[in-house]
Amino acid sequence: MTDVIDELHRRGLIAQSTDEAALRAHLAEGPVAYYAGFDPTAQSLHVGHLLQFMVLRALQRAGHQPVVLVGGATGLIGDPRPSSERQLNDRDTVATWVGRIREQVAPFLDVPAETEGLAGPLYVDNLDWTAPVSAIDFLRDLGKHFRVGKMLAKEAVSARLNSEAGISYTEFSYQILQANDFRELHRRHGVTLQTGGSDQWGNLTAGIDLVRRTEGATVHAMSTPLVTKSDGTKFGKSEGGAVWLDPALTSPYAFFQFWLNAEDADARRWLTLYSERPADEVAALITESLERPAARTAQRALAEELTLLVHGPDQLRQAEAAGRALFGREDLGSLDAATLTAALEEAGSTTVEGELPTLAQLLQQTGLVASLSEARRTVKEGGAYLNNERVTDAEAVPPADAWLAGGWLVLRRGRRAIAGVRRGV
């Protein structure tokens, strides 16, 4: 059972840990209850949270007991950001988001009842033990164990103190609430290990200190690294914003394309972090990516593995089929309306109403060409396609039977430039 630490190191999933030798020995003693917390500060988790699930799943496969905390209490407060105060959401909204996030976590950690050797997760909400605490109890029983100087030294807190925005006592107190979560989970479920992002390290160690002071027990913490893109920009962002795990916010097709469109250097680095393939398979994929970058081997492996994990086999098949169909390698008629809509909204689209434009006009309206004369020239040179069929008449109007599921046309210029046209009501 100590092999899990070696695996996590091999994959680059450990940025910091408390006494590693002691942690290895603790894990070797038998099943350990461990936890990670997720605050409902939005209606969905996003790809930035996936790294935590990689750690949770690795520990679970090693025979340990996962505990998943969705913070109905801490979600009402908000972890301090380095830049500005979080907007506080109302109680009903946070309660709704707690339920949604709980449902999102299930595919990562739930195991079939007949599975032997793997423990399914325990789900907890810190509102259960935080809400009954009075202000007096908070100050006397918790606050007295925290030293202000140490709290001020936390990176996010110090950054805010030195900014024009400052920091409110509300956000300043967040680290006490998170530390108390570790204490309560240790008391209630015997939790002895907390995992989180490296930006949470101060909060993680505050929990360790509180458990030691109040329970006289030794517990452990481990953090994952900050993931960025090779150009230094934030990981998990696309042109449309965050890449969400909720398919209603980021479609499975867009999720698949996020990984498929990664830069080569990013894809190779991310493959090590996110793939659960054996080490030799990951190494082979990285080697192939270096030798044949145009094949996008690492990107495709990431897209397939993570789309399957997050959205399941049916949505993976649809996302792959959409990519093949848009570029002429599969029948567009095989795609359902939801998948085609997601793919074309991701690629770029326009809506037409009233009298239908000509194909030349549609090429211009979608932005595939700059002018009507360029549209006609593209058609003449054989570079324009409607639903993957080469266009020969720039002045033709799309026939009634050309419209696909969901009321779409697919226009393509050359091999890669795609746009959708949707018929308005």
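Start by selecting Asp 266, which is buried, with a relative accessible area of 3%. Here buried means under 20% relative accessible area, exposed means over 50%, and partly exposed lies in between (1.4 Å probe, protein chains only). Before you go on, note that this is a predicted model, in which local features need pLDDT of at least 70, side-chain atom pairs count only at pLDDT 80 or more, and totals for chains, interfaces and linings use all residues. Residues are numbered from 1 along each chain as its sequence is written, and side-chain values use heavy atoms, with hydrogens and water left out.

**Stop 1: salt bridges**

Keep Asp 266 selected and add Arg 269: their side chains meet in a salt bridge (3.1 Å, N to O). A salt bridge here is a side-chain nitrogen of Lys or Arg within 4 Å of a carboxyl oxygen of Asp or Glu. Arg 269 and Asp 266 are 3 residues apart in helix 14, so about one helical turn separates them. Helices (H or I, at least four residues) and strands (E, at least two) are DSSP runs, numbered from the N terminus. Unlike buried Asp 266, Arg 269 is partly exposed at 33% relative accessibility.

Next, select Glu 7, Arg 11, Arg 57, Arg 61 and Glu 276, which are joined into one network by salt bridges that share partners. Within it, look at Arg 61 and Glu 276, whose closest N and O atoms are 3.2 Å apart. Arg 61 lies in helix 3 (residues 50–61) and Glu 276 in the loop between helix 14 (264–274) and helix 15, so this pair ties together parts that are 215 residues apart in sequence. Arg 61 is partly exposed, at 38% relative accessibility, and Glu 276 is partly exposed too, at 27%.

Now move to Glu 171 and Arg 160, where the salt bridge is 2.8 Å from N to O. Because Glu 171 lies in helix 10 (residues 169–172) and Arg 160 in helix 9, the pair ties together parts that are 11 residues apart in sequence. Glu 171 is buried at 1% relative accessibility, and Arg 160 is buried at 0%. The count for the structure comes to 18 salt bridges.

**Stop 2: the sheet of six strands**

Switch to the cartoon view and find the open sheet of 6 strands in the order 1-6-5-2-3-4, with mixed pairing. Two strands pair if DSSP finds at least two bridges between them. Strand 1 (16–17) and strand 4 (122–125) are at the edges with a single partner strand each, so one side of each has no neighbour in the sheet.

Colour strand 5 (residues 191–197): 7 of its 7 residues are buried, so the rest of the structure largely encloses it. Strand 5 runs parallel to strand 2 (residues 33–38), joined by 3 bridges, and Tyr 35 stands opposite Gln 194. Strand 5 also pairs with strand 6 in the parallel sense, over 5 bridges; there, Thr 195 stands opposite Met 222. Strand 6 (residues 220–224) is in turn joined to strand 1 by 2 bridges, and these two run antiparallel. To see that pairing, select Gln 16 and its bridge partner Ser 223.

**Stop 3: the sheet of five strands**

Move on to the other sheet, which is open, has 5 strands in the order 9-13-12-10-11, and is mixed in its pairing. Its edge strands, strand 9 (349–352) and strand 11 (389–390), each pair on one side only. Strand 10 (residues 384–386) and strand 11 pair in the antiparallel sense over 2 bridges, with Leu 386 opposite Glu 389.

Select Asn 388 in the loop between strand 10 and strand 11. Asn 388 has a positive phi of about 70° although it is not a glycine, and it is buried, with a relative accessible area of 18%.

**Stop 4: another positive phi**

Go to Arg 296, in the loop between helix 15 (279–291) and helix 16 (297–311). Arg 296 is not a glycine, yet has a positive phi of about 55°. Its relative accessible area is 29%, so Arg 296 is partly exposed.

**Last look: the whole protein**

Zoom out to take in 20 helices and 13 strands. The C-alpha trace spans about 80 × 50 × 40 Å along its principal axes, and buried residues make up 50% of the 425 residues.
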